[in-house]
Amino acid sequence: MTEEQKFFFDLRGWIVLPAVLSDSELNMMKKECYANVDPKDLNQISGHIKDGHSGALQNLLDHPSITGILSEILGDKPYENETSYGFRCESSVVVMRPANWKKTSRNDKGLPHVVRPPQQANAMRYQVAGKKIFSGLTRLVWELEEVKEGQGGTSFLSGSHKAHFNYGGSDIEAETVKDSPWLESIYDKMDSYSCPAGSVVIFTESLLHAANDWANEKNGRCAIFQCYNSVWAQWHRVNITPEEIEAMPPKRRTLFRGVWALGKNTAYSRENQAILRNIK
């Protein structure tokens with residue numbers, strides 16, 4: 001992670017790495033995402049979500065463009081080596097949205113939200129100590145189609161990951177700002193981004209962020225949403241089977257090892273795996 005990236009990630013809570021996928025990588029990822037879907041018929045892909053751990057898509061779990069950054073903002077040095085990552089993966093899903101997709105189709109109606117309010121002490125919050133960033137639960141969004149600013153990409157209330165006061169609602173534990181009297185001002189101050197296809201957005205889930213109506217008529221949205229966390233904590237039950245994990249290269253498997261650290265936990269096995277769903 002460059003000094004510039006660290007500065008802006010700490011300042012804003014998010015960064016964009018533009019066009020990090022090669023043309024061949026991008027075409028391979030899109031081929032899998034659009035399997036059995038016509039990208040020209042956007043109505044087919046409304047709300048389409050699929051697994052992002054399998055096939056060529058699993059190569060994005062530890063793509064060289066992100067592992068150094070994740071090590072910087074999530075990794076714990078004693079738990080990483082040539083055969084093990086110092087952080088974990090919690091989820092990877094493909095999300096596809098046509099131009100007529102509306103944020104109101106989400107359960108949260110697209111309201112600005114966080115994993116946990118940053119004003120409260122918790123294992124998911126953003127912290128910095130000893131010049132070391134700890135991003136807490138961290139989200140990556142691989143944008144496989146062009147994103148135009150203000151036309152449907154994720155938006156962020158930059159700096160809110162370090163807020164010391166709540167968002168104006170009555171419930172200080174609320175994960176959305178649904179009853180905040182400042183909601184209009186929050187929306188007004190949120191930032192968005194433009195990026196070419198093959199870019200990746202990295203942000204801390206302690207940052208207020210929001211979904212938006214997809215208004216880009218040129219193309220729909222095809223994105224892979226991933227979550228990463230510390231070796232010390234878990235937010236999601238991982239929606240992947242042991243067989244899928246065991247088909248991965250050995251180092252990639254360590255992204256799904258158990259959530260404990262005593263004795264330098266660095267290896268994956270069926271006896272040492274994260275809490276899963278759909279175990280066969």
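**Burial, cores and cavities in a predicted model**

Trainee: Why is cysteine 33 called buried?

Mentor: Cysteine 33 has a relative accessible area of 0%, and because burial is called at anything under 20%, cysteine 33 counts as buried. Bear in mind throughout that this is a predicted model.

Trainee: How many disulfides does a search of the whole structure find?

Mentor: The search of the whole structure returns zero disulfides. Cysteine 33 is in none, and the cysteine sulfur nearest to it, that of cysteine 222, is 3.9 Å away. Because a pair of sulfurs has to lie within 2.5 Å to be called a disulfide, the 3.9 Å between cysteine 33 and cysteine 222 does not qualify.

Trainee: Why is cysteine 89 not bonded to cysteine 227?

Mentor: The sulfur of cysteine 89 has its closest cysteine sulfur in cysteine 227, but the separation is 8.2 Å, which is too far for a bond. Cysteine 89 is itself buried, since its relative accessible area is 0%.

Trainee: What makes cysteine 227 buried, and where does that residue lie?

Mentor: Cysteine 227 belongs to strand E10, and at 0% relative accessibility it counts as buried, because the limit for that word is under 20%. Leaving out residues up to four places away in sequence, cysteine 227 touches Arg88, Cys89, Glu90, Ser91, Leu137, Thr138, Arg139, Glu205 and His236. With one of these, serine 91, the C-alpha atoms are separated by 5.2 Å although the two residues are 136 residues apart along the chain.

Trainee: Why is glutamine 58 also counted as buried?

Mentor: Glutamine 58 has 13% relative accessibility and counts as buried, because the cut-off is under 20%. Its place is in the loop between E2 and H3, and, apart from neighbours within four places in sequence, glutamine 58 is in contact with Gly52, His53, Met248, Pro249 and Arg252.

Trainee: Why is lysine 109 called partly exposed, whereas lysine 264 is called exposed?

Mentor: Lysine 109 has 47% relative accessibility and is classed as partly exposed, while lysine 264, with a relative accessible area of 53%, is classed as exposed. The two labels follow because exposed means over 50%, buried means under 20%, and partly exposed covers what lies in between.

Trainee: What makes the phi of lysine 109 and of lysine 264 worth a remark?

Mentor: Most residues other than glycine have a negative phi. Lysine 109, however, has a positive phi of about 60° although it is not a glycine, and for lysine 264 the value is likewise a positive one of about 60°. Lysine 109 sits in the loop between E3 and strand E4 (127–129), and lysine 264 in the segment after helix H6 (250–253).

Trainee: Which residues have the most contacts inside the largest nonpolar core?

Mentor: That core has 42 residues, and those with the most contacts inside it are Leu140, Trp142, Leu144, Ile202, Ile224, Tyr228 and Phe256. Among the elements that each supply at least two of its residues are strand E1 (14–17), helix H2 (23–33), helix H3 (64–73) and strand E10 (221–229). H3 gives the most to this core, namely four residues. Another core, of 16 residues, lies apart from it and includes Cys195, Val201, Phe203 and Ala211.

Trainee: Which residues of H3 are buried, and what covers them?

Mentor: The buried residues of H3 are Ile66, Thr67, Ile69, Leu70, Ser71 and Ile73. Their cover includes helix H1 (3–12), E1, strand E5 (132–134), E6, E8 and E10.

Trainee: What makes one space a cavity and another a pocket?

Mentor: The deciding point is escape, because in a cavity a 1.4 Å probe fits but cannot get out, whereas a pocket is open. The structure holds one cavity of 30 Å³ or more, and the largest cavity has a volume of about 70 Å³. Its lining divides into five nonpolar, four polar and two charged residues, and includes Pro117, Asn166, Tyr167 and Asp179.

Trainee: How much space lies in the largest pocket, and which residues are closest to its centre?

Mentor: The largest pocket holds about 950 Å³ of space. Of the 40 residues that line it, Arg106, His113, Arg139, Phe225 and His236 are the closest to its centre. E3 contributes the largest share of that lining, seven residues, and the lining as a whole divides into 14 nonpolar, 14 polar and 12 charged residues.

Definitions and conventions:
Residues numbered from 1 in each chain as written. Predicted model: local features only at pLDDT ≥ 70, side-chain atom pairs only at ≥ 80, totals over all residues. Heavy atoms only, no water. Core = buried A, V, L, I, M, F, W, Y, C linked by side-chain atoms within 4.5 Å. Buried < 20%, exposed > 50% of the residue type's maximum accessible area, 1.4 Å probe, protein only. Contact = heavy atoms within 4.5 Å. 1 Å grid on protein atoms, 1.4 Å probe; cavity = no way out; pocket = protein on both sides within 12 Å on 5 of 7 lines; lining within 4 Å. Points joined across faces, edges and corners; volume = space filled by probe spheres on them. Nonpolar A, V, L, I, M, F, W, Y, C, P; charged D, E, K, R; others polar.
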